[in-house]
Amino acid sequence: MGLQANEYSYPWLAEGEVPPLPLDRDRIHIISQGVADPVFDYDIIPLTYTESRWMAFVIRADEKAMKHIIPEPIQLQDDVIEFWYVIHKNTMLGPYMEMGVTFSATVDAEDGQTYKAGYYPYMYLSNDSPIWAGKEPFGFPKKAAYIAAFEHGTNNNYFNMLMERRGYVLHTANGRYSDKPLSARPTFYGKTDWGRMNYRITTRPDVSNSIHEVTYLPSELPPGFGTGHRFQLNPDSVRTATGDDIRAWYMSGTPFDFMGGQIPAKEVVGLISFTFNLIIPPAKTIWSKTVERGEGDLGQVLYSTPFKYTMRHRFLLPQYSQG
Amino acid sequence: MPSHLNVPTKYWELTKEVPPPPIERDIKSWIIANPSDPLWDIDVLPLTYTDSRWSAFVVRVPDDARQRLCPNPPLKVWDGDNADLVEFWYVDHKNTMLGPYLEFGVTISATYKDPKGNVWKAGYYPYMYLTGDAPVDAGRVLGFPKKMSYIRCSVHGGEKGTDFFGYAMSRNGYLMHSATGKFDDKEVTPPFFYGKTDWGKFNMKVVTRPDVSSSEWQLTYLPSELPGEMKKMISGHRFQIKPEHTRTASGDAINWFMQATPFDNMGAELKITEVTGLISFVFDLVIPPAQVLWTETYERPASYRGYATPYKYGLRQQFPISQGS
């Protein structure tokens, strides 16, 4: 006889530690699939962060290469890039590691306004819920990766970052803080009239159309959360390193991730690190376009040969450490 | 002097195995964002699988538990033969257009009657977990309820080299399920939809607006037969079992543990009364685009607030930090 047990108890529910079960709620309180147990649920709203550690390399890349990877209607502002890692310790989505790239950009929107914002062409995270909470409603271009980023040693003087996906290292860097000023900073730093932008694509399950949207997150706190910037930096926590303080930097394009091939650093200007609190409000759609596909267009999206697997389909079996 | 090295390899310029990024192609071929480097791309399509091993526990679940898990409207649970048999499955995918990955899911027999009176029959998935990001996202576009988790599937050992089995799944530090045992090759009654070409697969997709002002629910349907464009490329049924690899185990041969966790309610919702057996087989598969059979939109007022309290973190927001795989 096999030995078998099913533990059905759910003690957290009675104590209010977890929200009412999704199937016991009105459907307006389901914001994601699966509807029985969503990958991110309404207990992430409002989405706040406390004492996250942001570690942002400032780099320059070829402006033509940067423009090449930006879709219409987004316009590039300059060649200074924020190339950042974050340790998120306390968030409504739990703790996670994150990496991203931010360009300064503008959009002439359908409402006649020009929106200024940091635009994200690449993002990587260590956990599933923040990936799809960012990707599905807002359009953050999130993928999963192995990310290590930390400071250590006396006064946390040393830093190291490493990101790998499917067996290829995308980037690593390490060095020591000197607290010297950097020769350049991203344009949007400290400006409350600069928000954040993403390019969202929502494709119908039958692939008959895709809705393209530019979504915009303003910098100001949303109504009901006071006034000021929604990104609250602790000024006592700031550390800096110049390009010469970054003893090692390695970045590469891979068959699965194009960042290193598309925007190699022309110059590593330095690193700015700080601790902050954050709130992410709902996003506004400032531009949209629907692309329809007829039966004759499906050939364009059937790139592979059935049952023939290529180098893009061959990599180490992911074991996923969120377990 | 520090060492700074950038290796700007553009693999898509070296081999056609790697498609150029969407931004360099016709906009009709952009499926998901970001146009510079999407999580998965057109080289996923057509989505085929070769020599995957499916290991399906057949479990008995009471009618009220199944009804609760199948959203009504628009679905109704199947009330015909073997209605209470639910598929509780693991898959080891070795060769797929999304790369190798491990997968877990639950399938309940259900039906949908459309406004014209047509009755659609399919297995409905209330829960799914995978080890890879790209297959999670590609599946979610079709409506699959996929999350990521840590999964293990082992079929190994003994005289045949496939005599013993071990499966496990955990997420955010909690074990959700584990089962071990030895195949005894006794007969196991499968869920009703097994082998029936008029039964497809159902999913419930949720598309939420960026401003969270509304969410559209879409009941999606994957037919058992391939649609026109893909039928030209691939012949036969889209699910091809290789019967020589099939093994079975009776309920008596299975050790089993399942529990609910603060992050995943399956163990509380799926009220299993009996583990009747295990069917394990090797197969090839094609997944086509899905039809949308039903939609309903739920609006939220501008004043809408969720369940959380700003900057106060509870049980669901505290677990060991992951660095990804």
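A convenient way into this predicted model is a single pair of residues: Gly166(B) has Thr180(B) as its bridge partner in S11(B). This pair belongs to a wider arrangement, in which strand S10 (residues 164-171) of chain B and strand S11 (residues 174-182) of chain B run antiparallel and are joined by 8 bridges. In general, the strands of a sheet are paired through hydrogen bonds of the backbone, in either a parallel or an antiparallel way.

Stepping back, S10(B) and S11(B) are part of an open sheet of 5 strands with mixed pairing, ordered S1(A)-S15(B)-S11(B)-S10(B)-S9(B). Chain A thus meets chain B within this sheet, with S1(A) placed beside S15(B) in the order. Two strands form the edges, each pairing on one side only: strand S1 (4-7) of chain A and strand S9 (150-156) of chain B. On average, and with direction ignored, neighbouring strands of the sheet are turned by 5° against each other.

Turning to the domains, chain B is assigned domain 1 (12-44) and domain 2 (46-317). The centres of these two domains of chain B, taken over C-alpha atoms, are separated by 28 Å. Where the domains touch, 5 residues of domain 1 of chain B are in contact with 8 residues of domain 2 of chain B. On the domain 1 side of this contact, the residues comprise 4 nonpolar and 1 charged, with no polar ones.

As for confidence, chain B has a mean pLDDT of 96, and 100% of its residues reach 70 or more. The model as a whole scores ipTM 0.96 and pTM 0.97.

Key. Residues numbered from 1 in each chain as written. Chains lettered and ligands numbered in written order. Predicted model: local features only at pLDDT ≥ 70, side-chain atom pairs only at ≥ 80, totals over all residues. pLDDT = per-residue confidence, 0-100. Domains from an automatic or database assignment. Contact = placed C-beta atoms within 7 Å. Nonpolar A, V, L, I, M, F, W, Y, C, P; charged D, E, K, R; others polar. Pairing = 2+ DSSP bridges. Helix = DSSP H or I, 4+ residues; strand = E, 2+ residues; numbered from the N terminus. Axes fitted to C-alpha atoms, helices over the stretch in contact; angles between N-to-C directions.
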